[in-house]
Amino acid sequence: MSDQNSPAIEAIDVVRTFTIGTREIKVLKGVTLRVEKGEKLFLVGPSGAGKTSLLYTLAGLESPNEGEVRVDGKSLYQMKKNKQASLRNRLLGYVFQNFFLLPELTAVENVMLPSLISGKLARERAEALLERVGLSHRRSHLPTELSGGEQQRVAIARAMINSPTILFADEPTGNLDSKTGRAVMELFTEMVDEKGGTLLVVTHDSELAKTGNRQVLLTDGKIAA
Ligand SMILES: Nc1ncnc2c1ncn2[C@@H]1O[C@H](COP(=O)(O)OP(=O)(O)O)[C@@H](O)[C@H]1O
Ligand SMILES: [Mg+2]
């Protein structure tokens with residue numbers, strides 16, 4: 001069930017701490033953020049500011065120590081684990097900085113991996129997505145046989161396999177040259193726009209960040225602007 005008025009994602013007073021030995025480090029110091037449906041938001045800020053931690057917390061991958069995250073109005077971390085997992089699979093897509101492709105699987109198999117459908121249909125959909133990202137001719141290649149930009153395009157195709165309504169990306173162009181990075185980002189926004197989806201990207205590239213609707217600056221675990 002989707003509530004038209006609910007934001008796509010909402011963080012309320014999110015606190016995240018890490019304990020190293022006996023020391024406690026507060027990485028997110030009470031973050032409140034509302035991301036509307038259809039928004040393309042870039043999270044920027046210096047290294048160590050807590051951007052990755054915030055993205056992972058918003059994306060349902062790391063629970064906060066305090067506070068709440070709501071996806072489409074539903075409190076994510078208060079759901080049972082299996083409901084959380086099912087919501088993630090159905091609604092959320094992820095692209096990580098280091099691509100995280102499985103080395104022993106071909107491009108098309110990597111794209112199919114998170115699919116909620118199986119068999120021939122999943123393969124057809126994965127092949128269509130690879131065509132979309134311009135990699136049909138690489139479908140049977142292993143990740144080691146692909147360039148960085150190609151691997152990232154496989155990761156984007158994989159993130160889209162379940163038609164997510166919210167796409168999360170952590171420095172998706174961080175390992176690419178600037179031209180390839182721009183091409184990857186364009187593909188990303190195009191695919192999200194077509195479905196009226198929501199995009200949340202962490203980047204320290206200020207040029208890239210201008211391509212969205214909104215920038216949020218995180219410094220020292222707090223939202224600054
Ligand atoms: N698993 C972890 N254990 C301990 N400290 C962590 C962990 N993950 C991140 N940190 C610390 O939290 C801070 C913020 O990290 P991060 O969210 O990765 O920042 P950013 O993505 O903005 O560079 C850093 O000081 C980092 O060392
Ligand atoms: Mg980071």
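Helix α6 is followed by G196, a residue whose phi is positive, near 65 degrees. This is a predicted model, in which local features need pLDDT of at least 70 and side-chain atom pairs count only at pLDDT 80 or more, while totals for chains, interfaces and linings use all residues. Residues are numbered from 1 along each chain as its sequence is written, and side-chain values use heavy atoms, with hydrogens and water left out. Helices (H or I, at least four residues) and strands (E, at least two) are DSSP runs, numbered from the N terminus.

At the other end of this helix, D177 caps the N terminus of α6, with a side-chain oxygen placed 3.2 Å from the backbone nitrogen of K179. The 17 residues of α6 should span 24 Å at 1.5 Å a residue, and its end C-alpha atoms are indeed 24 Å apart, so the two values agree; the expected span here is 1.5 Å times one less than the number of residues. Buried residues of α6 (under 20% relative accessible area, with a 1.4 Å probe and protein chains only) include G181, V184, L187, F188 and M191.

We turn next to the sheet. It is open and has 6 strands in the order β6-β7-β8-β3-β9-β10, with mixed pairing, where two strands pair if DSSP finds at least two bridges between them. Because β6 (92-95) and β10 (222-223) stand at the edges with a single partner strand each, one side of each is left without a neighbour in the sheet. Strand β3 (residues 40-44) pairs with strand β8 (residues 198-202) in the parallel sense over 4 bridges, and L41 has L200 as its bridge partner in β8.

Two helices pack on this sheet, contact meaning heavy atoms within 4.5 Å. Helix α5 (residues 148-159) touches β6 and β7 (166-170), and its direction makes about 170 degrees with that of β6. Helix α6 (residues 178-194) touches β3, β6, β7 and β8, its direction making about 155 degrees with that of β8. Axes are lines fitted to C-alpha atoms, for helices over the stretch in contact, and angles run from 0 to 180 degrees between N-to-C directions.

The two helices also pack on each other, at an angle of about 10 degrees and with their axes 10 Å apart. They are therefore roughly parallel to each other, a term that covers angles under 35 degrees. In this packing G149, Q152, R153 and I156 of α5 meet T180, V184, L187, F188 and M191 of α6.

Note on methods. Chains are lettered from A and ligands numbered from 1 in the order in which they are written. Buried means under 20% relative accessible area, exposed over 50%, partly exposed in between (1.4 Å probe, protein chains only). A polar contact is a pair of N or O atoms within 3.5 Å; within protein, one must be able to donate a hydrogen and the other to accept it, and residues adjacent in sequence count only if both atoms are side-chain atoms. Angles under 35 degrees count as roughly parallel, over 145 as roughly antiparallel, 65 to 115 as roughly perpendicular and the rest as oblique.
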